[in-house]
Amino acid sequence: MAVSRAVVTLTLALPFGTVWAQTNANPQATDTPRACVHLGTECVPLTIETISVPYYHAPGQTTLVLEQGSGQRPTARSVNKLKALIIDGQNNHHWQETTPVLKKILEDSGLFVVTVATAPPGPDMSGFRPDFAAFDVVVSNYNGLPWPDATTAAFEKYVREGGGFVSYHASDNAFPDWPAYNEMIGVGGWGGRKNAQGIACGHHGNRLPFQVTIRDSDNPNARGLPAVWMHAPDELYDSLCGPAKDVDIVATAHSDPANKGTGENEPMLMTIRYGKGRVFHTTLGHDVAAMQSVDFIVTLQRGAEWAATGNVTQKVPADFPTPNQVSIRTLSASK
Ligand code: ZN
């Protein structure tokens, strides 16, 4: 079978984006067309007639090669995407429900290929040794037993040497006795944590909608977001405590005394520097309903990108909530 080939060379101005092309070089071809975007020696093969290839690589020239009649059935393959690792397996929250949603949110950005590492139920944790260093960002949905010493040491080294880490909701309840972890998350709650006055840290009122306010519009995670928006019903964490070293408070929410709150503006989104590593800390997303709030989706996608790369390239979508109106995107999670 002859192979007809069209080669298009594209100059890419930005490190992230999408390549579009029509595989119409030979409309009579009966074989499955094979389309490849070559990024260096790598190739993203696709079968559909109009292809859309999210890419991540250095700005420069990329060659788009369209082949007809190659006789190969392309397989879905993810190359040149950021590698994300979600950790779960123990949590006082429904991690079996929320991890698939986290995975879908990350994948929907087009930037990530996602792996899940599920810790054993315990008490024997000795076999839990994820290869953190193989990933661009680790997203924790874990709030459970301490990890083996070798695993905690590997995680500290990973972040200290420049790894990305996203602390999601109750993962800031985890590991009260692990000093480096508390530095990474900046502040946490529950788990026996107490403040300087001996008062227990970590509290929330009933799950209600609340406004979130940007406090550092220069933080890459805040760029382009509205100054204030309405978040869907969720737990508004208050009274978190911890070392709070090198923390940038990106956004806060007012903890309403009428809903058992503190009357203070409490941190909702934070970034923390730990060594050369970047940590994005979101207190939001108690359950799937709260995770479907578009601001949760968008800030998590952007926070994970920032933790992985130090940049945010994702635009703010049109369905982002307004100051007085929540916005929900129904997520049917991938398996
Ligand atoms: Zn919760």
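**Close-up 1. Strands S7 and S8 lie side by side and run parallel.** In this predicted model, seven bridges hold the pairing of S7 and S8 together on paper. Want one pair to look for? Lys83 stands opposite Val113 in S8. S7 covers residues 82-88, and six of its seven residues are buried, so to speak "mostly covered".

**Close-up 2. S7 also pairs with S9.** These two strands run parallel as well, joined by four bridges. Here you can pick out Ile87, which stands opposite Ser140 in S9.

**Close-up 3. Helix H1 links up with S7 and S8 in a right-handed β-α-β unit.** H1 takes in residues 95-108 and packs on the sheet, touching S7, S8, S9 (137-140) and S10 (164-168). Compare the directions of H1 and S8, and you get an angle of about 160°.

**Close-up 4. Strands S14 and S15 make an antiparallel pair.** S14 spans residues 265-274, S15 spans residues 277-282, and six bridges connect them. One bridge to find is between Arg273 and its partner in S15, Arg278.

**Close-up 5. Step back, and there's an open sheet of nine strands.** Reading across, the order goes S8-S7-S9-S10-S15-S14-S13-S11-S12, and the pairing is mixed. At the edges sit S8 (112-118) and S12 (228-234), each pairing on one side only. From one strand to the next, the twist averages 25°. As a reminder, strands of a sheet pair through backbone hydrogen bonds, either parallel or antiparallel.

Key
Residues are numbered from 1 along each chain as its sequence is written. This is a predicted model: local features need pLDDT of at least 70, side-chain atom pairs count only at pLDDT 80 or more; totals for chains, interfaces and linings use all residues. Two strands pair if DSSP finds at least two bridges between them. Axes are lines fitted to C-alpha atoms, for helices over the stretch in contact, and angles run from 0 to 180 degrees between N-to-C directions. Two residues are in contact if their C-beta atoms, placed from the backbone, lie within 7 Å. A residue is buried if 20 or more other C-beta atoms lie within 10 Å of its own, exposed if 12 or fewer, and partly exposed in between; C-beta atoms are placed from the backbone. A crossover is right-handed if, with the strands pointing away from the viewer, the path from the first strand over the helix to the second runs clockwise.
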